[in-house]
Amino acid sequence: LLVDASEAASRPIPETLFGIFFEEINHAGAGGLWAELVSNRGFEAGGPNTPSNIDPWSVIGDESSVILTTDRSSCFERNKVALRIDVLCDSQGSNICPSGGVGLYNPGFWGMNIEQGKTYKVILYVRSSESINVSVSLTSSDGLKTLATANIIAAAADVSNWTKAEVLLKAVGTDHSSRLQLTTSQKGVIWFDQVSAMPLDTYKGHGFRNDLFKMLADIKPRFIRFPGGCFVEGEWLRDAFRWKESIGPWEERPGHFGDVWMYWTDDGLGYLEFLQLAEDLGALPVWVINNGISHQDQVDTSNVLPFIQEALDSIEFARGDSNSKWGSVRAAMGHPEPFDLRYMAIGNEDCGKKNYRGNYLRFYDAIKRAYPDIKIISNCDGSSQPLDHPADIYDYHIYTSASDLFSKSSRFNLAPRKGPKAFVSEYAVTGKDAETGSFLAALAEAGFLIGLEKNSDIIEMASYAPLFVNSNDRRWNPDAIVFNSWQLYGTPSYWVHHLFKESSGATLLNATLQSDSSSSLIASAIAWQTDDMKSYLKIKIVNFGSSTVNLRIDVDGLKLNSLGSSQTVYTAADLMDENSFEEPKKVVRTQTLFEDVTKDMDVVLSPYSINSFDFL
Ligand code: AHR
């Protein structure tokens, strides 16, 4: 391998090259990154008609002691459904309540993770027919063990008056599958609505689950594409993500049913929170907007203007000053400073659909007129032939087998060098080569990413998909990060992404392989400097073949230090090995420090291995 570090043979890699794609899929947000513990907190998931299904809320008590139903008496105009509980038993008389009381519980998203010593904030809205004592508790999944409890009084001053109750619960024990209980032993009628339980320690208090946030921060994403994917489109437009329904006080958000991935979201993780997430990660937001097209229905171009207005309003919400109409809404939500929104994608995977081109052009013109600096991303692939419409960037998605993805490392070698740049916003090995996250998948992806790095003169961005999966709701396999209420691990694909975390903004050096096994090898070399002026060189080589390769690495134009330089190898005993909660690092990296670094170095590449040579 010849590495030429001369200035003439080098070029900068875009600052934005590697980032993440967050989609509300697999309970990535609701029951995932968004730390809200209560599922269906507003009782809206069963639909607007009452009585409705209150799943996953359940009754505590039997029909002789308590009746749960829903009505439309909420004080929140955009989500009228409230829970009504008729308590038939009492603390005295002929119908005594069972010990512990009656009421209802919420198991959260497959159990709440409650940890000893940590504090949880519960907020709920309540009204009642009498003055009734209500216990708010975090308990074990069977309700037998109480981890934290507090009392509130549902005062009956005026039965039409809702009051907000807020309690802090400090846990005296740990249980990863806890539940929230609201119970009483007093006869009467109580209504509950908008019941939230959040841990106090979320990232910067912004509502993001700390451990999952850290996994994202660790790969130093330079952008975050959100909130989908198909989630943006909806199976039907009536169920597509609508940003205006996802902002403002959380209690007033209606929530919606995502009909592609088939679950309800309370939209606590709304448009502002996505922008906040981007800011907290130091990543640029890439906002994917619905362009009037879902999987099953489409708005005709002649009627698309209201959708364009939604897009323009969303930009004003993100970037407008706090005197502007939508900027003032953002400011009222606690973020007076504008967000750094520079990228917008018009739709997701809609190219080729009847109205896409027409709708896209209307969006493009309107956004460019108002915000000429915003880069517009088209859904149409411009890698084989030039686009027939204006765009700054074209989107490219690929889900395929391992050998095909490895061979696609040269996919962009012949792509047009002029015109819009590429955004590989979804890539992954899928199917039997990947299962739920194999080493084989990651091996091929590493080769593919090296190919992207080498073509980064025309590739502006790339991200793996999907990012997250709650192991209780695997809608899509594989994924980069697997979690449940309290555990998490990165699949080998995550760790490959991690390996590329220094690439964005680095310098790409010329790296040429001269080997008989070149067809199963791919290599790149990057150099970068840290703020304290330390220089680094990283050479990555993927061996996708079954033979050991002995290689000489020859670096021209750089002086390498022996101290601290190393070779890191990712391999697996079996190509289909996966990480798991039990063995989160089964697919391992081994790092060996070099004893002596010379200009010419002989190295060994194991069969099916990802190798990183790091020099100071
Ligand atoms: O990443 C999962 C899905 O794959 C995305 O929602 C969609 O864009 C693609 O089809």
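These exercises, each with a worked solution, walk you through a predicted model of one protein.

**Exercise 1. The overall build**

Find how many helices and strands the protein has, and work out how compact it is for a protein of its length.

Step 1. Start with the secondary structure: there are nine helices and 34 strands.

Step 2. Now take the radius of gyration, which is 27 Å. The globule rule gives 25 Å for 616 residues, and the two values are close, so the protein is as compact as a globular protein of that length.

Step 3. For the extent in space, look at the C-alpha trace: along the principal axes it spans about 90 × 60 × 45 Å.

Step 4. Finish with the contacts. Among those with a separation of 6 or more, 74% join residues 24 or more positions apart.

**Exercise 2. The inside of the protein**

Find which residues touch the most other members of the largest nonpolar core, and which helix gives the most to this core.

Step 1. Begin with burial in general: 49% of the 616 residues count as buried.

Step 2. Here is a helpful background idea: in soluble globular proteins, nonpolar side chains tend to be buried together.

Step 3. The largest nonpolar core holds 138 residues, and Ile 224, Leu 443, Ala 444 and Leu 467 touch the most other members. Helix 8, residues 439–454, gives the most to this core, with eleven residues.

Step 4. Zoom in on Ile 224. Beyond its neighbours within four places in sequence, its contacts include Gly 19, Ile 20, Phe 22, Leu 277 and Val 286.

Step 5. Don't stop at one core! A second, separate core has 40 residues, among them Val 38, Trp 57, Ile 114 and Val 122.

**Exercise 3. One face of a helix**

Explain where the buried residues of helix 1 sit around its axis, and name the elements they pack against.

Step 1. Helix 1 covers residues 210–218, and Leu 212, Phe 213, Met 215 and Leu 216 are buried there.

Step 2. Look down the axis of helix 1: the buried residues fall within an arc of 155°, so they line one face of the helix.

Step 3. These buried residues pack against strand 3 (20–21), helix 3 (271–281), strand 25 and strand 26 (488–490).

Step 4. Just after helix 1 comes Lys 220, with a positive phi of about 45°.

**Exercise 4. Around the ligand, and some backbone surprises**

Sort the residues around the ligand by class, then look for cis peptide bonds and positive phi values.

Step 1. The residues around the ligand include Glu 23, Gly 228, Gly 229, Glu 349, Ala 465, Pro 466 and Trp 476. By class, this shell has five nonpolar, four polar and three charged residues.

Step 2. Keep the usual pattern in mind: most residues other than glycine have a negative phi, and most peptide bonds are trans.

Step 3. The bond from Gly 228 to Gly 229 is cis, with omega near 20°. Gly 229 is in the loop between strand 15 (223–226) and helix 2 (230–233).

Step 4. Another cis bond joins Ala 465 and Pro 466, with omega about -20°. Pro 466 lies in the loop between strand 23 (459–464) and strand 24.

Step 5. Glu 349 is not a glycine, yet its phi is positive, at about 50°. Its loop runs between strand 19 (343–346) and helix 6 (356–370).

Step 6. His 27, also not a glycine, has a positive phi of about 55°. His 27 is in the loop between strand 3 and strand 4 (58–60).

**Exercise 5. Buried, partly exposed or exposed?**

Decide the burial class of His 27, Asn 477 and Ser 91 from the number of C-beta atoms within 10 Å.

Step 1. You need the cut-offs: 20 or more means buried, 12 or fewer means exposed, and anything in between is partly exposed.

Step 2. His 27 has 25 such neighbours, so it counts as buried.

Step 3. Asn 477 has 17, so it is partly exposed. Asn 477 sits in the loop between strand 24 (468–470) and strand 25 (481–483), and beyond four places in sequence it contacts Glu 435 and Thr 436.

Step 4. Ser 91 has 12, so it is exposed. Ser 91 is in the loop between strand 6 (82–87) and strand 7 (102–106). Not counting residues up to four places away in sequence, Ser 91 touches Ile 96, Cys 97, Ser 185 and Gln 186.

Technical notes:
Residues are numbered from 1 along each chain as its sequence is written. This is a predicted model: local features need pLDDT of at least 70, side-chain atom pairs count only at pLDDT 80 or more; totals for chains, interfaces and linings use all residues. Helices (H or I, at least four residues) and strands (E, at least two) are DSSP runs, numbered from the N terminus. The radius of gyration is taken over C-alpha atoms; the globule rule is 2.2 Å times the number of residues to the power 0.38. Two residues are in contact if their C-beta atoms, placed from the backbone, lie within 7 Å. A nonpolar core is a set of buried Ala, Val, Leu, Ile, Met, Phe, Trp, Tyr and Cys residues joined through C-beta atoms within 7 Å. A residue is near a molecule or strand if its C-beta atom, placed from the backbone, lies within 6 Å of it. Ala, Val, Leu, Ile, Met, Phe, Trp, Tyr, Cys and Pro count as nonpolar, Asp, Glu, Lys and Arg as charged, and the others, Gly among them, as polar. The arc is that of the directions from the helix axis to the C-beta atoms.
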